[in-house]
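Here's a quick briefing to read with the model open beside you. It goes through the sheet, what packs around it, the core, and a couple of backbone oddities.

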Amino acid sequence: MTGIYVFLGPTLPREDAARELNAAYLPPVAQGDIIRLCAQKPRAIGIVDGFFENIPSVWHKEILFAIDQGIAVFGASSMGALRAAELHPFGMVGVGAIFEAFRDGRLEDDDEVAVIHGPAELGYPSLSEAMVNIRRTLADAVQDDVIPAETARQLEAIAKGLPYRDRGYGRVMRLAADQGVPDEELADLKLWLPNGRFDQKREDARLMLRALRRWDAQGAAAPARHFHFERTAMWDRAVREAEHLAT
């Protein structure tokens, strides 16, 4: 066991992740998971995917608790990018373009990284397309002279207006046709997409795993913490609840 644990779901297949980093791979992170994991005293924790909506999301304070315990915490791509953008001033390590966009304020909405996915036994297959992936793909289509910049902006606006569960290139292009986007432009995009579409979330996940691998190979210490961890009554209750769920 390497002492490195990574929370991973639909963003990257586990077998692909294992080729990048020898680690213990866990399901998407949920509230209480970091508290319970800290009891095993890992060297590092990587967060890619996490639950939300129907399952409470990982609490910021449990990540701060891990950092306070001397555990390196890395985040990228999805829930990891969101939490790293919020907690990097306190010692969490963010990796990748999505983290940077949230950190710098170019992206703000959590739905940018949200997808609907299938069950764990099928490997959490993505059933919708993340908005961050659509943005990157459309930018590349403009760069490759597939569609004009104005068309890309229109397609991007259509995608952003959809609920995250309904986002996909087919749906976006059908709505674009209804709004008068020229058929020839949509046809060119459709032909280009199979080889041109870019998965920014997957790329960022790989970058985080490689960063963790380099960190581990160097025998580096966890980043210095920049805060005082306050143990409150609410925190003590959260710990008791997490421990209860573990029994």
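Two strands count as paired if DSSP finds at least two bridges between them. S1 and S3 clear that bar, since four bridges join them, and the two run parallel. Bear in mind that this is a predicted model.

**The sheet**
- Five strands form an open sheet in the order S2-S1-S3-S4-S5, with parallel pairing.
- At the edges sit S2 (24–26) and S5 (93–95), each of which pairs on one side only.
- From one strand to the next, the twist averages 20°.
- On the S1–S3 side, Tyr5 stands opposite Ile45 in S3.
- S3 also pairs with S4 (residues 72–76), in the parallel sense and again over four bridges.
- Along that S3–S4 pairing, Ala44 stands opposite Ala72, and Gly46 stands opposite Phe74.
- Strands of a sheet pair through backbone hydrogen bonds, either parallel or antiparallel.

**A closer look at S3**
- In a regular strand the side chains alternate between the two faces of the sheet.
- S3 shows this pattern: Ala44 and Gly46 point one way, Ile45 and Ile47 point the other way, and all are buried.
- What handedness does the β-α-β unit made by S3, H3 and S4 have? That unit is right-handed.

**Across the sheet: H10 and Ala76**
- H10 (residues 200–217) lies across S1, S2, S3, S4 and S5, and runs at about 160° to S4.
- Ala76 is a handy residue to click on here; its place is in S4.
- With a relative accessible area of 0%, Ala76 is buried, because the cut-off for that is under 20%.
- Leaving aside neighbours within four places in sequence, Ala76 is in contact with Ile47, Val48, Ala81, Val95, Asp204 and Met208.
- The C-alpha atoms of Ala76 and Leu209 are separated by 9.2 Å, although these residues are 133 residues apart along the chain.

**The nonpolar core**
- The largest nonpolar core has 40 residues, and those with the most contacts inside it are Ile34, Ile45, Ile47, Ile63 and Met92.
- Two or more residues each come from strands S1 (4–7) and S3 (44–47), and from helices H2 (33–38), H3 (60–68), H4 (79–87), H5 (97–103) and H11 (233–246).
- Which element gives the most to this core? H4 does, with six residues.
- Met92 touches Ile47, Ile63, Ile67, Val73, Phe74, Gly75, Gly80, Arg83, Ala84 and Leu87, not counting residues up to four places away in sequence.

**Two positive phi values**
- Tyr124 has a phi near 55°, a positive value in a residue other than glycine.
- You'll find Tyr124 in the loop between H5 and H6 (131–143).
- Asp145 has a positive phi too, near 60°, and is likewise a residue other than glycine.
- The place of Asp145 is in the loop between H6 and H7 (149–161).
- Are these residues buried or exposed? Tyr124 has a relative accessible area of 10%, so this residue is buried, whereas Asp145, at 71% relative accessibility, counts as exposed.

Note on methods: Residues numbered from 1 in each chain as written. Predicted model: local features only at pLDDT ≥ 70, side-chain atom pairs only at ≥ 80, totals over all residues. Heavy atoms only, no water. Core = buried A, V, L, I, M, F, W, Y, C linked by side-chain atoms within 4.5 Å. Buried < 20%, exposed > 50% of the residue type's maximum accessible area, 1.4 Å probe, protein only. Contact = heavy atoms within 4.5 Å. Axes fitted to C-alpha atoms, helices over the stretch in contact; angles between N-to-C directions. Right-handed = clockwise from strand over helix to strand, strands pointing away.
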